[in-house]
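Trainee: I would like to go through this structure and ask how each label is justified.

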Amino acid sequence: MNNPVIHLGLAGLGTVGSGLAKIIQENSDWITRRLGRTLKIKTVMVRDPAKARNVVLPPDTLFTTSMDDLLNDPEIDMVVELAGGIDFPRTLITRALQAGKPVVTANKALLAEHGSELFELAAANGLGLYYEASVAGGIPIIQTLKESLAANRISSITGILNGTANFIMSEMTEKGEDFAKVLGKAQAKGYAEADPTLDIEGIDAAHKLTILIRLAYGLDFPMSGLTVKGISKVEQFDISLAREFGYRVKLLAQVREESGMLHAGVYPALLRRDHILANVEGPFNAVLLEGNAVGPIMLYGQGAGDLPTGSAVLADILALARSSCSPNNTGFLESPLPPARILAPEQAVFEHYFRFTVLDRPGVMAAIAGVMGEHGISIAQVVQRQYSPDAGIPIVFLSHRTSMRNVAAALEAIGKFDFVLASPVHYRII
């Protein structure tokens, strides 16, 4: 790629592709100052070439429906995959690497599920496969882990990695509205898709966390090893009560080292109000890292959108253009990366929040506390709230640190009592 013009083959001209094109056009002089060469989108692969777009490309840009027009053109120096999905991008990226073309992608789901094979193929061919935009939009978390913090052992990563879920939790906390109403608002604002499952059930954040684990630890941690729970069952009562206790409820993605192994998962959890992530509001993302040399670092910004994500894609394009002779795809020399030693989820230790809805009967609180004690759960605080006779009494326990195994056993035993009127509610406290 030593020509004065770097020709790009772009797959997908949706939100992110359009943002990339806008930035290339608006910042062309700035890019040339930094790179010494010019970027040009030569060919765009789309489903419908005749469809109206919100960005106007030069008249000599080729619009096509054929993958071959990207892969077989010797002038195209780099393939940029922004089409989304799994099967098509996997084929496109595989064929591009086999054809000797480096690749930039924003496809978190693909990299989470098939990243190992694609990175191995890229390494075998000495090509770059870059993916800054796959996690947290415009936040430069990928490059930070690959380069800036390369000298550090990372002990933990805790992040708010899905803007849709964070918007919903923020609105529920601040305005006292229930989940269904706030989800409708998120959809009306364009933060949530018509089918919001990936966002609200934690799957999108889990894809991103898988990528971050690979970068931070140089290990392959499969999606199946993650504990994943979403926010669709979070109730306003628990958000309000947690707030009274001095906590906020957030959907968190976390990986940390325990006993020489990694525990990782995505779940709604309570954060103390003075925790730096507790104050990340609306559709924003944030990632808190702990390095053994640098200490704690937080990166914060817009986790989605055409220009923020397009900016991250363009950063990868520039990085590949500069370092095509020695691409840094994962931050580690091994290929493939060794498998992670995964801590069994039931062995992970946290503080905990429990809510039980029970009949108004003497001895109920003592019975629940007794079962918790039998299973190694030390109680830090107990609160009983007023109630309507039909709904039962809500009793809330906050515990000291104990394992998820103890929690599961206690919840199973308590759920069998005849005075328990509903499934217990449980959240980790981070």
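The talk below takes up one annotated loop and one sheet.

Mentor: This is a predicted model, in which local features need pLDDT of at least 70, side-chain atom pairs count only at pLDDT 80 or more, and totals for chains, interfaces and linings use all residues. Residues are numbered from 1 along each chain as its sequence is written, and side-chain values use heavy atoms, with hydrogens and water left out.

Trainee: Why is L13 called buried or exposed?

Mentor: Buried means under 20% relative accessible area, exposed over 50%, and partly exposed in between (1.4 Å probe, protein chains only). L13 has 6% relative accessibility, so L13 counts as buried.

Trainee: And what makes T15 buried or exposed?

Mentor: The relative accessible area of T15 is 53%, so T15 is exposed.

Trainee: Which residues does L13 touch, not counting those up to four places away in sequence?

Mentor: Contact means heavy atoms within 4.5 Å. On that basis L13 touches S18, V44, V46, R53, V55, L57 and F63. With the same exclusion, T15 touches G305 and D306.

Trainee: What makes strand 3 and strand 6 edge strands?

Mentor: Strands are DSSP runs (E, at least two residues), numbered from the N terminus, and two strands pair if DSSP finds at least two bridges between them. The open sheet has 6 strands in the order 3-2-1-4-5-6, with parallel pairing. Strand 3 (62–64) and strand 6 (129–130) each have a single partner strand, so one side of each is left without a neighbour in the sheet.

Trainee: How many bridges join strand 1 to strand 2?

Mentor: There are 7 bridges between strand 1 and strand 2 (residues 38–45), and the two run parallel.

Terms used
Helix = DSSP H or I, 4+ residues; strand = E, 2+ residues; numbered from the N terminus.
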